[in-house]
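Dear colleague,

I am handing over the structure we spoke about, and you will find the sequence and the model just below. After that I describe what was found in it, beginning with the strands and ending with a pair of helices.

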Amino acid sequence: MSKYAHVDRQKLEERLDLLRHLLDTIPEEVRQKDAPPVLPVSLADSWGTAKERGKVRGLQTGLEPIDNPKFLGGLHKGSLYVVGGNTGVGKTDFCCNLLLRTVLRNSQCKTLFLTTEMPHWEVSRRLWQLWQSQPVTDEGVFGEFPIEYIDNHAAITVDLIRSLLAEHKYSLLMIDNLQWFCRAGDDTAQSTGAATQAIKQIAIEFDIPVVLVSHLSRAGYKDFLPDLGDLKGSSYIEQDADAVLLLARNYESDANDKTPDGMVYPPDVTRVHCRKNRLTGKLFNVFLRPDANMYLHEDRSWYARA
């Protein structure tokens with residue numbers, strides 16, 4: 001079995017139990033006393049950091065509008081990227097494509113993939129299918145990609161994510177999906193806000209890009225493009241996300257089935273619409289078409305029409 005195939009859950013649960021015990025037994029005043037002091041950062045130091053960070057490109061994905069420094073400039077450390085769309089539009093497939101593209105273009109891009117809607121082996125199967133579109137498809141090379149999983153079980157919490165990132169050095173975190181952290185019976189808006197805020201803090205604290213999948217608030221987006229307000233808990237997502245990429249696809253093959261912008265999208269064309277971009281402020285579209293292995297390629301013929 002690959003060393004990336006599983007995590008020793010028993011040891012992890014023991015550590016979490018110990019942490020919970022300590023949090024319950026150590027007085028709050030002691031924890032505050034032992035906490036590192038919060039010190040202000042001078043303008044000079046902040047500007048020096050800004051200049052250094054400005055020289056560093058984000059992780060390259062091979063998708064020109066995402067990698068272009070005029071738009072997103074890749075996947076940047078400390079940034080939260082939300083991928084939203086209706087059920088069945090291909091959010092997980094898009095993230096698998098994004099992951100494989102990123103790993104191929106960035107050596108030692110160790111990635112933690114939290115999947116709550118399918119087992120880890122199903123994600124690997126999809127990655128393997130995408131891998132078949134590459135010039136060299138050696139299984140040994142594929143098996144050495146630095147990708148690790150935590151899949152669908154009750155132990156997936158924000159605290160678990162933080163403990164894993166603290167113990168291991170990851171370059172990218174993917175979470176599918178945000179709604180997992182919004183438990184039944186909770187206030188949806190408040191639980192979404194708490195989750196997105198915590199995940200954004202993780203991106204900053206561990207200085208890595210985080211790709212977070214989110215569902216829409218209601219189904220039925222078959223004939224128009226989703227917008228920020230269609231995301232579940234949208235106001236909190238808009239507040240915490242650095243970039244929001246919304247996926248849309250025309251489910252019908254009828255050539256008369258147009259979107260409000262007058263476009264007739266073939267059913268296999270996925271439109272990725274950047275509806276928020278805190279990094280440069282530029283909004284853009286990416287049009288993608290799958291090959292026989294579901295590997296997504298840019299369809300540049302649509303750019304001039306959108």
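Strand E5, which spans residues 210-215, is mostly covered, with six of its six residues buried. Please keep in mind throughout that this is a predicted model. The side chains of E5 are split between two directions, since Val210, Leu212 and Ser214 point one way whereas Val211, Val213 and His215 point the other way, and all of them are buried.

E5 is paired with two strands. Strand E1 (residues 80-85) runs parallel to E5 and is joined to it by six bridges, and within this pairing Val82 of E1 has Leu212 of E5 as its bridge partner. Strand E4 (residues 172-176) also pairs with E5 in the parallel sense, in this case over three bridges, and here the bridge partner of Met174 is Val211.

From E4 the pairing can be followed to strand E2, as E2 and E4 pair in the parallel sense over five bridges, with Asp176 in E4 as the bridge partner of Thr115. Strand E2, covering residues 111-115, is itself mostly covered, and five of its five residues are buried. Thr111, Phe113 and Thr115 point one way from E2, while Leu112 and Leu114 point the other way, and all of these residues are buried. E2 is also joined by four bridges to strand E3 (residues 147-150), which runs parallel to it, and Leu114 has Ile150 in E3 as its bridge partner.

Turning to the helices, the axes of helix H5 (residues 91-105) and helix H6 (residues 120-131) come within 10 Å of each other and cross at roughly 60°. Because angles from 65 to 115 degrees count as roughly perpendicular and those under 35 degrees as roughly parallel, this crossing falls in neither group, and H5 is therefore oblique to H6. The crossing of H5 and H6 is right-handed.

On the H5 side of this contact are Thr92, Asp93, Cys96, Asn97, Leu99, Leu100 and Leu104, which meet Val123, Arg126, Leu127, Leu130 and Trp131 in H6. Taken by character, the residues of the contact between H5 and H6 divide into eight nonpolar, two polar and two charged.

If you would like to go through the model yourself, the pairings of E5 with E1 and with E4 are one place to begin, and the contact of H5 with H6 is another.

With best wishes

Conventions. Residues are numbered from 1 along each chain as its sequence is written. This is a predicted model: local features need pLDDT of at least 70, side-chain atom pairs count only at pLDDT 80 or more; totals for chains, interfaces and linings use all residues. Side-chain values use heavy atoms; hydrogens and water are left out. Buried means under 20% relative accessible area, exposed over 50%, partly exposed in between (1.4 Å probe, protein chains only). Two strands pair if DSSP finds at least two bridges between them. Axes are lines fitted to C-alpha atoms, for helices over the stretch in contact, and angles run from 0 to 180 degrees between N-to-C directions. Angles under 35 degrees count as roughly parallel, over 145 as roughly antiparallel, 65 to 115 as roughly perpendicular and the rest as oblique. A crossing is left-handed if the near helix is turned anticlockwise from the far one by less than a right angle, and right-handed if clockwise. Contact means heavy atoms within 4.5 Å. Ala, Val, Leu, Ile, Met, Phe, Trp, Tyr, Cys and Pro count as nonpolar, Asp, Glu, Lys and Arg as charged, and the others, Gly among them, as polar.
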